[in-house]
Amino acid sequence: MAEQRIQGIGVSEGIRIAKAFVLASETRPDAVRETVSAAETEAELARLGQAKARSEAELTELAEQAKRTLGEKQAGILAGQARMLSDPAYFPQIEKRIREERFAAEYAVRSVTEHFAGRFEAMDNEYMRERAADIRDLGRRLLAHLRGEERTSLAGLREEVIVVADDLAPSDTVQLDRRYVQALVTRMGGRTSHTSIIARSLGIAAVVGAGDAVRDIADGELLIVDGGEGLCIRRPDPETIEAYKLRQQRERDERSALERFRDRPAETKDGLRVELAANIGTVREAAEAAGQNADGIGLYRTEFLYMDADRLPDEDRQFAAYREVAERMAGRPVVIRTLDIGGDKALPYLELPKEENPFLGYRAIRIGLDRRELLRVQLRAIWRASRYGNVKIMFPMISGLDEWRQAKAISLEVRDELIREGVPVSGSVEIGMMVEIPSAALLAGSFAKEVDFFSIGTNDLVQYTLAVDRMNEKVAYLYDYFHPAVLHLIRHVIEAAHREGKWVGMCGGMAGDPLAAPLLVGLGLDEWSMEAGSIVKVKQALARLDSQDCRALANHLLALDTTAEVRRELGRYAELTR
Ligand code: PEP
Ligand code: MG
């Protein structure tokens with residue numbers, strides 16, 4: 001049969017050639033009865049009890065395993081499933097159906113699970129909708145035990161494979177072992193789905209949302225996956241295999257060329273040293289950042305700590321996370337940003353009001369200054385962690401000086417309160433702000449007199465300067481940090497800060513783009529913060545640059561009128577310096 005190309009969404013780069021390992025996500029359909037006789041209900045309840053006990057034990061063990069290998073968040077998913085077994089709206093309902101309606105155990109599990117999952121799916125909150133997948137995952141586990149089935153599991157893999165599935169259940173993702181799992185191909189999912197995020201963070205090539213064609217893939221057949229292009233090729237022709245092997249080799253060569261930069265300092269050809277830091281959202285990512293030799297953490301997005309829980313994380317829990325990151329970075333700077341919730345990020349338990357324009361509404365520091373206790377608890381945790389490393393505090397979404405002054409004053413009040421309580425805090429914590437709203441960029445001269453540092457958040461600065469919603473695909477073609485208006489704001493911020501002797505970082509996506517490197521060197525950016533995986537790429541780009549030339553280039557670029565011209569010139573410069 002001819003070669004077949006299945007197009008999906010490429011969510012994690014990499015070319016891989018290996019055999020398919022089909023992960024059955026559905027257990028076989030019920031061939032069993034729907035109901036049993038009255039005399040049999042006790043036996044059904046007993047079977048159900050056993051399945052529950054086995055599921056609980058299994059989940060607890062998996063959670064332990066995940067905690068060791070993947071960190072708290074993944075372990076939390078499994079522990080959460082184990083807890084669901086005690087939810088009064090779930091397990092007792094299954095027992096009730098057996099007792100009162102004489103359902104067979106399998107049928108009772110299936111119907112209650114679907115009903116329960118359906119309720120979550122109907123909620124208009126993404127976090128809650130995602131819980132539906134956990135409930136179904138748990139239901140499948142119970143069913144498998146009732147039937148005495150061995151679930152196909154990723155745990156026993158001993159050869160390199162490409163995992164093919166409808167989607168990965170949360171309990172599957174915690175078993176992903178990148179030594180054996182070369183790539184993932186799933187029928188469902190999108191760029192931000194759980195599976196995609198995990199694949200990227202583990203460096204496993206992945207194509208998701210590839211549709212029904214995925215269902216035809218048989219266990220053991222040879223596949224080619226191109227995670228960059230979102231392509232999965234079945235029955236590849238010999239020529240196709242050859243072509244992809246060549247591309248794979250090229251990819252490996254590029255990677256090993258990059259590897260050489262891992263242990264080198266981040267500097268230009270003429271020896272200008274800049275600080276390349278990492279953006280993180282979790283403690284686990286701090287380990288990844290340290291592994292990539294990041295000069296520090298330029299942005300710790302603390303919202304994930306809040307989003308991963310089902311209630312506000314208390315002071316101790318936050319303190320433990322901040323302390324761990326500070327210690328892991330061993331004296332290198334760790335910029336902890338206070339909660340930036342709102343916009344596209346929701347916290348179900350905070351019940352934020354639905355808004356017409358959430359990005360222009362109740363978000364980030366605006367919430368912090370309105371719900372002071374929330375901000376105070378977080379600041380207490382940060383100050384307490386400050387003596388375990390080189391911690392800095394950063395406020396998001398500052399639009400005017402009043403906000404900055406209030407936020408800074410609360411921070412100092414909290415510090416003094418801790419000192420009065422006899423809690424040790426560091427005496428050298430810098431306090432700075434994100435520059436991500438044009439008003440803040442324009443007033444950088446005034447802010448610079450009061451802050452210790454700025455970090456430019458281009459993700460938001462672009463959306464607010466150009467009036468382009470960063471989440472809206474329809475206007476995505478307008479969203480570009482090389483827009484001349486954005487460049488002028490960036491230059492203004494850096495110059496204003498330097499006049500006051502303050503340092504400037506950048507933690508938006510632009511910092512991690514090697515194409516932007518000569519411009520940012522030319523503008524005199526001090527600290528660059530990006531996804532840990534981009535650090536070597538930017539180091540490689542820096543090593544080709546001469547800082548004097550970059551200054552001339554920046555002046556030239558800032559005289560251009562359109563985004564296209566800026567991109568063209570930068571493209572040309574990258575070719576010239578290659
Ligand atoms: C930014 O806006 O550039 C930024 C880094 O913050 P976030 O992406 O978290 O809004
Ligand atoms: Mg932002």
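**Domains, helices and salt bridges in a predicted chain**

The domain assignment, from an automatic or database source, splits the chain into domain 1 (4-20 + 161-257), domain 2 (38-147) and domain 3 (260-431 + 524-577). This is a predicted model, where local features need pLDDT of at least 70 and side-chain atom pairs count only at pLDDT 80 or more, while totals for chains, interfaces and linings use all residues. Residues are numbered from 1 along each chain as its sequence is written, chains are lettered from A and ligands numbered from 1 in the order in which they are written, and side-chain values use heavy atoms, with hydrogens and water left out.

Trainee: How many residues does domain 3 bring to its contact with domain 1?

Mentor: The centres of domain 1 and domain 3 are 32 Å apart over C-alpha atoms. Contact means heavy atoms within 4.5 Å. Domain 1 gives four residues, and domain 3 gives four residues.

Trainee: What area do domain 1 and domain 3 bury between them?

Mentor: Buried area is the accessible area (1.4 Å probe) that two parts lose on being put together, summed over both. Carbon and sulfur atoms hold 28% of it here. The count of salt bridges between domain 1 and domain 3 is zero (a salt bridge puts a side-chain nitrogen of Lys or Arg within 4 Å of a carboxyl oxygen of Asp or Glu). The area buried by the two domains is about 350 Å².

Trainee: What distance does α4 reach from its first C-alpha to its last?

Mentor: Helices are DSSP runs of H or I with at least four residues, strands are E runs of at least two, and both are numbered from the N terminus. Helix α4 covers residues 105-121, 17 residues in total. The expected span is 1.5 Å times one less than the number of residues. For α4 that expectation is 24 Å, and the helix comes close to it, reaching 24 Å.

Trainee: Within what arc do the buried residues of α4 fall?

Mentor: Buried means under 20% relative accessible area, exposed over 50%, partly exposed in between (1.4 Å probe, protein chains only). The buried residues of α4 include Val 109, Val 112, Phe 116 and Phe 120. The arc is taken over directions from the helix axis to the C-beta atoms. Seen down the axis, the buried residues of α4 line one face, because they fall within an arc of 155°.

Trainee: Which exposed residues sit on the face of α3 turned away from its buried side?

Mentor: Phe 91, Ile 94 and Ile 98 are buried in α3. They fall within an arc of 65°, so they line one face of the helix. Residues three or four places apart point the same way, because an α-helix has 3.6 residues a turn. The face turned away carries Arg 99 and Glu 100.

Trainee: What is the phi of Arg 102?

Mentor: Arg 102 follows α3, in the loop between α3 (91-101) and α4. It is partly exposed, at 40% relative accessible area. Most residues other than glycine have a negative phi. Arg 102 has a positive one, near 60°.

Trainee: Which residue in the loop between α11 and β11 has a positive phi?

Mentor: The loop runs between α11 (315-328) and β11 (333-337). Its residue with a positive phi, near 40°, is not glycine. At 60% relative accessibility, this residue counts as exposed: Ala 330.

Trainee: Which residues does Thr 240 touch, leaving aside neighbours within four places in sequence?

Mentor: Thr 240 is in helix α8 (residues 238-259). It is buried, at 10% relative accessible area. Its contacts are Glu 3, Arg 5, Ile 224 and Ile 233.

Trainee: What distance separates the closest N and O atoms of Arg 5 and Glu 3?

Mentor: Arg 5 is partly exposed, with a relative accessible area of 46%. It forms a salt bridge with Glu 3 at 3.2 Å.

Trainee: Which residue forms a salt bridge with Glu 500?

Mentor: The closest N and O atoms are 3.6 Å apart. The pair links distant parts of the chain, 51 residues apart. Glu 500 is partly exposed at 33%. Its partner, exposed at 58% relative accessibility, is Lys 449.

Trainee: How many salt bridges are there by this rule?

Mentor: One joins the side chains of Glu 575 and Arg 578 at 3.9 Å. Others share partners, joining residues such as Glu 315, Arg 376 and Glu 421 into one network. The count comes to 39.

Trainee: Which elements are among those covering the buried residues of α20?

Mentor: Seven of the nine residues of α20 (residues 535-543) are buried, so the helix is largely enclosed by the rest of the structure. Among them are Ile 535, Val 538 and Leu 542. The cover includes α8, β9 (275-280), α19 (517-523) and β16 (527-530).
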